[in-house]
Amino acid sequence: RYERRRSLYLARAGDTAADVEKGNATRAEAGRMYFKDAYYSGTVPRAKPNGFDRVNGGTEDASEEAIARHIAVKTKRAHAIRALGDLVAIVEWVCVDDHSAQTYAIRRGEHPMAGIALLRVALTQLAKHYGILKGQ
């Protein structure tokens, strides 16, 4: 949703167009990684993707390798949730549930643009956690 609008990065004085584009791409990648972890950990309803055994809590038809991957992804997702702290709600709302950041802010009784600002902060934190963004 926000990748198309290119509105994830808040430009600062002196930023070039390349800086803004890099900031957008970095935060979008963090959001995609978070969604991927949610998807493969079973949080998001899904059809069976090619090349990945689905683990539905039972082990009767899943390989040991699939179970190990599932556990690893759940652990990775738990670490990301811990790194986000209170910001996890907006990341779940936007990246997993595919709602808008503005709607999130309105539901909390805030100005709609506060949702975008909060999402920027959350995705920056997530990008740092994943190691995509360093030293900013």
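Me: What is the phi of Asp98, the residue that follows α4?
Reply: In this predicted model, Asp98 comes after α4 and has a positive phi, near 60°. Asp98 lies in the loop between α4 and α5 (101–107).

Me: What makes the phi of Asp98 worth a remark?
Reply: Most residues other than glycine have a negative phi. Asp98 is a residue other than glycine, and its phi is positive. A positive phi of about 60° also occurs just after α3, at Gly85.

Me: Why is Asp98 called partly exposed?
Reply: The relative accessible area of Asp98 is 47%. Buried would need a value under 20% and exposed one over 50%. Since 47% lies in between, Asp98 is partly exposed.

Me: What makes α4 a largely enclosed helix?
Reply: Eight of the nine residues of α4 are buried, so the rest of the structure largely encloses this helix. The buried residues are Val88, Ile90, Val91, Glu92, Trp93, Val94, Cys95 and Val96. In the protein, buried residues make up 39% of the 136 residues.

Me: Why are α4 and α6 called roughly perpendicular?
Reply: The axes of α4 (residues 88–96) and α6 (residues 112–130) cross at roughly 95° and come within 9 Å. The range for roughly perpendicular is 65 to 115 degrees. The crossing angle of roughly 95° falls inside that range, and the two helices are therefore roughly perpendicular to each other.

Me: Which residues bring α4 and α6 into contact?
Reply: From α4 come Ile90, Val91, Val94 and Cys95; from α6 come Gly115, Leu118, Leu119, Ala122, Leu123 and Leu126. By class, the residues of this contact are nine nonpolar, one polar and no charged.

Me: How do you know what span to expect for α3, and what is the span in the model?
Reply: Helix α3 (residues 64–84) has 21 residues, and at 1.5 Å a residue it should span 30 Å. The expected value takes one less than the number of residues. The end C-alpha atoms of α3 are 30 Å apart, which agrees with the expected span.

Me: What puts the buried residues of α3 on the same side?
Reply: The buried residues of α3 are Ala66, His70, Val73, Arg77, Ala80 and Leu84. They cover an arc of only 90° around the axis, so they sit on the same side of α3. An α-helix has 3.6 residues a turn, so residues three or four places apart point the same way. Exposed Glu64 and Arg82 are on the face of α3 turned away from its buried side.

Me: Why is Pro112 called partly exposed?
Reply: Pro112, in helix α6, has a relative accessible area of 28%. That value is neither under 20% nor over 50%, so Pro112 counts as partly exposed. Leaving aside residues up to four places away in sequence, Pro112 touches Ala101, Gln102, Ala105 and Ile106. The C-alpha atoms of Pro112 and Ala101 are separated by 7.5 Å, and the two residues are 11 apart along the chain.

Me: Why is Ala117 called partly exposed?
Reply: Ala117 also belongs to helix α6. Its relative accessible area is 36%, and with limits of 20% and 50% Ala117 therefore counts as partly exposed. Ala117 and Gln102 are 15 residues apart in sequence and 9.6 Å apart in space, C-alpha to C-alpha.

Me: How many helices and strands does the protein have?
Reply: The secondary structure comes to six helices and zero strands. From the N terminus on, the elements run α-α-α-α-α-α. Of the contacts between residues at least 6 apart in sequence, 58% join residues at least 24 apart.

Methods: Residues are numbered from 1 along each chain as its sequence is written. This is a predicted model: local features need pLDDT of at least 70, side-chain atom pairs count only at pLDDT 80 or more; totals for chains, interfaces and linings use all residues. Side-chain values use heavy atoms; hydrogens and water are left out. Axes are lines fitted to C-alpha atoms, for helices over the stretch in contact, and angles run from 0 to 180 degrees between N-to-C directions. Helices (H or I, at least four residues) and strands (E, at least two) are DSSP runs, numbered from the N terminus. Angles under 35 degrees count as roughly parallel, over 145 as roughly antiparallel, 65 to 115 as roughly perpendicular and the rest as oblique. Contact means heavy atoms within 4.5 Å. Ala, Val, Leu, Ile, Met, Phe, Trp, Tyr, Cys and Pro count as nonpolar, Asp, Glu, Lys and Arg as charged, and the others, Gly among them, as polar. Buried means under 20% relative accessible area, exposed over 50%, partly exposed in between (1.4 Å probe, protein chains only). The arc is that of the directions from the helix axis to the C-beta atoms.
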